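Please work through the exercises below with the sequence and the model side by side, and try each task before reading its solution.

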Amino acid sequence: MARRTTLPRKLGVTVVAWGIGFLVFFPILWTVLTSFKTEGEAIASPPSFLAFEWTLENYREVQVRSDYGKHVFNSIVIAGGSTLLGLIIAVPAAWAMAFQPAKRTKDLLMWMLSTKMMPPVGVLVPLYLIFRDLGLLDTRLGLTIILTLIDLPIIVWMLYTYFKEIPGEILEAARMDGADLWNEIVHVLTPMAVPGIASTLLLNVILAWNEAFWTLNLTAAKAAPLTAFIASYSSPEGLFYAKLSAASTMAIAPILILGWFSQKQLVRGLTFGAVK
Amino acid sequence: MSTQHSRAAARLLVAPSVVLLFLWMIVPLAMTVWFSFLRFNLLMPGTREWIGLLNYRFFLTDPAFFAAVANTLAIVLGVLAITIVGGILLALLLDQPFFGQGAVRLLMIAPFFVMPTVSALVWKNMFMNPVNGLFAWLQKSVGMAPHDWLAATPLLAVIVIVAWQWLPFSTLILLTALQSLDEEQREAAELDGAGALARFRYIVLPHLSRAITVVILIQTIFLLSVFAEILVTTNGGPGTDSTNLAYLVYAQALLQFDVGGASAGGIVAVVLANIVAFFLMRMIGRTLEG
């Protein structure tokens with residue numbers, strides 16, 4: 001039901017809301033604008049907002065100087081790989097818990113979630129040593145494994161809450177018709193579950209893309225994804241605002257667009273179904 | 001109707017997730033506990049002797065530990081205060097009818113998708129830098145001396161950056177909860193002569209309480225472990241002014257190579273996080289019932 005409002009009030013709220021939205025978004029906008037400036041203009045005082053010489057030079061420089069494409073590739077492999085691997089492990093589990101719940105299913109779900117509460121520093125030291133001894137430090141494989149494990153509880157949970165909403169009667173009808181478990185999964189449930197799986201995939205790609213504890217601690221030059229590559233701009237000799245902005249813009253743009261598409265699922269996914 | 005056969009199949013489907021998570025949770029944690037009782041430094045290969053609780057004694061009596069606990073709490077409480085109060089106000093605003101609601105929502109949610117290292121460096125250099133930053137320019141243009149955020153108020157700088165990242169999260173969740181509020185209830189109260197403040201206090205706030213609790217608990221889990229934002233801005237300094245527990249353990253392990261001491265610190269962090277997790281699990285457990 002639409003709430004009653006008057007036009008002047010609506011106009012007033014519009015101005016305030018757009019103003020605050022602009023302020024919250026401004027750091028991102030400023031980064032994008034700066035990425036098109038020369039280094040000189042990037043630190044000019046007073047700063048120029050739109051009236052500057054627009055250039056694409058920074059985007060070219062970032063690629064030439066630091067092999068930017070390699071880090072993009074690392075991010076895609078690590079975020080995509082860990083999400084897919086997580087889904088492969090989690091889909092059967094979530095399925096079984098939603099449709100064949102046992103007495104212990106709820107406890108099991110809660111326990112899985114509790115693994116997510118462990119602060120990463122609690123296991124940093126042994127994992128670092130294990131990775132060193134196995135030669136997994138600074139490898140895409142190593143990070144993919146770690147991110148799969150830290151994402152797994154969220155993936156199971158999200159899938160579980162989606163699968164729970166698939167009506168059980170459909171399953172019973174399929175079973176009456178003699179479908180075995182395999183047929184039930186492939187022909188009956190999968191088509192109904194695709195939207196839930198898709199939004200789980202989307203949210204987890206976003207989380208894995210932005211993960212910045214393990215990626216910073218377990219990679220160096222070779223397997224560094226964008227989070228770790230951008231961090232190299234924190235050194236004083238890396239103080240190039242325009243190039244930092246160009247690298248940042250490219251690093252956040254794809255995920256920002258994905259995020260905007262998945263904002264509805266975000267609330268549900270991140271609150272483990274507690275707020276819908 | 002679940003048969004013996006399908007139940008066994010279900011167990012088989014769940015097993016990989018459970019086994020992997022069990023290994024992930026138990027093996028490294030057990031190793032951390034074990035290391036925390038050893039004199040074990042990567043710079044002194046070969047020395048791994050049992051020293052009991054000595055690592056804990058050193059870690060817990062280190063002045064840096066108290067600074068780190070205080071800073072960890074300041075970050076958690078500071079960010080929570082900003083994001084909860086700001087989130088409620090923004091959610092109330094966005095819940096009003098206005099032109100371009102969808103577009104403003106997209107603008108507001110955007111910071112949440114920015115990777116921590118990017119937001120930290122953008123704020124540090126382009127906003128908080130005392131020479132070239134926008135804040136410095138604003139202050140100079142009104143005749144004030146520029147504030148050196150990272151040197152003078154490093155902890156506040158970290159809090160501002162992290163709060164900017166989390167404000168969209170709380171706003172979005174509180175807005176979602178607000179939109180499920182029964183409109184007729186609000187209108188009935190209005191007809192009964194309840195003012196805006198009374199309606200907020202007695203109808204809106206109780207309705208939001210569950211969402212607020214969820215936001216507090218989930219954010220606390222993440223805020224206890226803030227790391228990247230500190231690493232790329234202040235490196236925990238100056239001194240230990242912006243060192244939190246996560247950063248302190250990292251510094252002890254990977255900068256000083258003190259495996260034993262870092263492990264003891266890690267266990268302390270785990271214990272603190274568990275206290276918070278206990279309440280969060282109870283909250284979420286209740287949603288499973290409903």
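## Exercises on a predicted model

**Exercise 1.** Decide whether Ser225(B) is buried or exposed, and then find its surroundings.

*Solution.* The relative accessible area of Ser225(B) is 18%, and buried means under 20%, so Ser225(B) is classed as buried. Turning to its place in the chain, we find Ser225(B) in the loop that links α10 (196-223) and α11 (228-233) of chain B. As a last step, setting aside neighbours within four places in sequence, Ser225(B) has contacts with Pro119(A) and Pro120(A) as well as with Ala246(B). This model is predicted.

**Exercise 2.** Classify Gly239(B) by its relative accessibility, and locate it in chain B.

*Solution.* Gly239(B) has 68% relative accessibility, and exposed means over 50%, so Gly239(B) counts as exposed. Its position is in the loop between α11 and α12 (245-255) of chain B. Along the chain, Gly239(B) and Thr220(B) are 19 residues apart, while 25 Å separates their C-alpha atoms.

**Exercise 3.** Which residues make the nonpolar surface patch of about 430 Å²?

*Solution.* The patch is formed by Val19(B), Phe22(B), Leu23(B), Ile26(B) and Val27(B). Taking one of these residues, Phe22(B) belongs to helix α1 (residues 4-35) of chain B, and its relative accessibility of 47% makes it partly exposed.

**Exercise 4.** Which element of chain A has the lowest mean pLDDT, and which the highest?

*Solution.* For chain A, the mean pLDDT is 86, with 96% of residues reaching 70 or more. Among its elements, helix α13 (residues 263-270) has the lowest mean, 76, and helix α1 (residues 7-34) the highest, 94.

Key. Residues are numbered from 1 along each chain as its sequence is written. Chains are lettered from A and ligands numbered from 1 in the order in which they are written. This is a predicted model: local features need pLDDT of at least 70, side-chain atom pairs count only at pLDDT 80 or more; totals for chains, interfaces and linings use all residues. Side-chain values use heavy atoms; hydrogens and water are left out. Patches are made of residues with over 30% relative accessible area and no salt bridge: like charges are joined within 9 Å, nonpolar side chains (Val, Leu, Ile, Met, Phe, Trp, Tyr) within 5 Å. Accessible areas come from the Shrake-Rupley method with a 1.4 Å probe; for residues, only the protein chains shown count as cover. A salt bridge is a side-chain nitrogen of Lys or Arg within 4 Å of a carboxyl oxygen of Asp or Glu. Helices (H or I, at least four residues) and strands (E, at least two) are DSSP runs, numbered from the N terminus. Buried means under 20% relative accessible area, exposed over 50%, partly exposed in between (1.4 Å probe, protein chains only). pLDDT is the predictor's confidence in each residue, from 0 to 100. Contact means heavy atoms within 4.5 Å.
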